[in-house]
Amino acid sequence: MAKNVPFRFEDITIYLQCHILEQAAYNVLLGRPFECVTQSKTHNYANGEQRILLTCPNTGNMVEISAFNKGKLPNKAKPNMPLPENNLDPNTLEVKEENFH
């Protein structure tokens, strides 16, 4: 498990504990722990759009992000912030071995 991996959602950063899989049917799978920590609220619209309101557990700041449509993958994300302790390689987004416990 990789610990305290920073995920940035616009202006807020959430540190998550992650299981890293070499081959998965998804890029990132966020579930109930993430939803509880961020107090997420999902808004669905008649045109198919879905927006998610997230609250930073540390600051209380909120951001609203757009979900992408099923089958329409977003461009590969690249880190847009300094990564703590160089545990992640920003060029490949691979977690280095010392981050596993």
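Which residues make a nonpolar surface patch of about 330 Å²? The legends below take up this patch and other sites in a predicted model.

**View 1. Leu 21, Tyr 26 and Leu 29 make a nonpolar surface patch.** The patch covers about 330 Å². Tyr 26 sits in the loop that runs between β2 (12-18) and α1 (32-38). Its relative accessibility is 38%. Tyr 26 therefore counts as partly exposed, since that class lies between 20% and 50%.

**View 2. The whole chain combines 1 helix with 7 strands.** Along the sequence the order is β-β-α-β-β-β-β-β. The protein has 101 residues, and 24% of them are buried. Its accessible surface is about 8100 Å². Carbon and sulfur atoms account for 49% of that surface. Of the contacts between residues at least 6 apart in sequence, 30% join residues at least 24 apart.

**View 3. Phe 9 and Phe 34 form a tilted aromatic pair.** The count of aromatic pairs in the model is 1. In this pair, Phe 9 and Phe 34 are 5.5 Å apart, centre to centre. Their planes meet at 45°. The pair counts as tilted because this angle is neither under 30 degrees nor over 60. Phe 9 belongs to strand β1 (residues 2-9) and Phe 34 to helix α1, so the pair ties together parts that lie 25 residues apart in sequence. Both Phe 9 and Phe 34 are buried.

**View 4. Glu 10 and Asp 11 lie in the loop between β1 and β2.** Glu 10 is not a glycine, yet its phi is positive, at about 50°. Asp 11 has a relative accessibility of 66%. That value is over 50%, so Asp 11 counts as exposed. Asp 11 and Glu 64 are 53 residues apart along the chain. Their C-alpha atoms are separated by 10.0 Å.

**View 5. Thr 55 is a buried residue of strand β4.** The strand spans residues 50-55. The relative accessible area of Thr 55 is 10%. Buried means under 20%, so Thr 55 falls in that class. Apart from neighbours within four places in sequence, Thr 55 is in contact with Ile 12, Val 37, Thr 38, Gln 39, Gly 60, Asn 61 and Met 62.

**View 6. Gln 39 has a positive phi although it is a residue other than glycine.** The angle is near 50°. Gln 39 lies in the loop between α1 and β3 (41-44). With a relative accessible area of 48%, Gln 39 is partly exposed. Gln 39 is also among the residues in contact with Thr 55.

**View 7. Cys 18 is buried, whereas Cys 36 is partly exposed.** The relative accessibility of Cys 18 is 11%. For Cys 36 the relative accessible area is 47%. Cys 18 counts as buried because its value is under 20%. Cys 36 counts as partly exposed because its value is between 20% and 50%. How many disulfides does the structure hold? The number is 0. A disulfide is a covalent bond that joins the sulfur atoms of two cysteines.

Definitions and conventions. Residues are numbered from 1 along each chain as its sequence is written. This is a predicted model: local features need pLDDT of at least 70, side-chain atom pairs count only at pLDDT 80 or more; totals for chains, interfaces and linings use all residues. Side-chain values use heavy atoms; hydrogens and water are left out. A disulfide is a pair of cysteine sulfur atoms within 2.5 Å. Buried means under 20% relative accessible area, exposed over 50%, partly exposed in between (1.4 Å probe, protein chains only). Patches are made of residues with over 30% relative accessible area and no salt bridge: like charges are joined within 9 Å, nonpolar side chains (Val, Leu, Ile, Met, Phe, Trp, Tyr) within 5 Å. Accessible areas come from the Shrake-Rupley method with a 1.4 Å probe; for residues, only the protein chains shown count as cover. A salt bridge is a side-chain nitrogen of Lys or Arg within 4 Å of a carboxyl oxygen of Asp or Glu. Helices (H or I, at least four residues) and strands (E, at least two) are DSSP runs, numbered from the N terminus. Contact means heavy atoms within 4.5 Å. Rings of Phe, Tyr and Trp (its six-membered ring) pair if their centres lie within 6.5 Å; planes under 30 degrees apart count as stacked, over 60 as edge-to-face and the rest as tilted.
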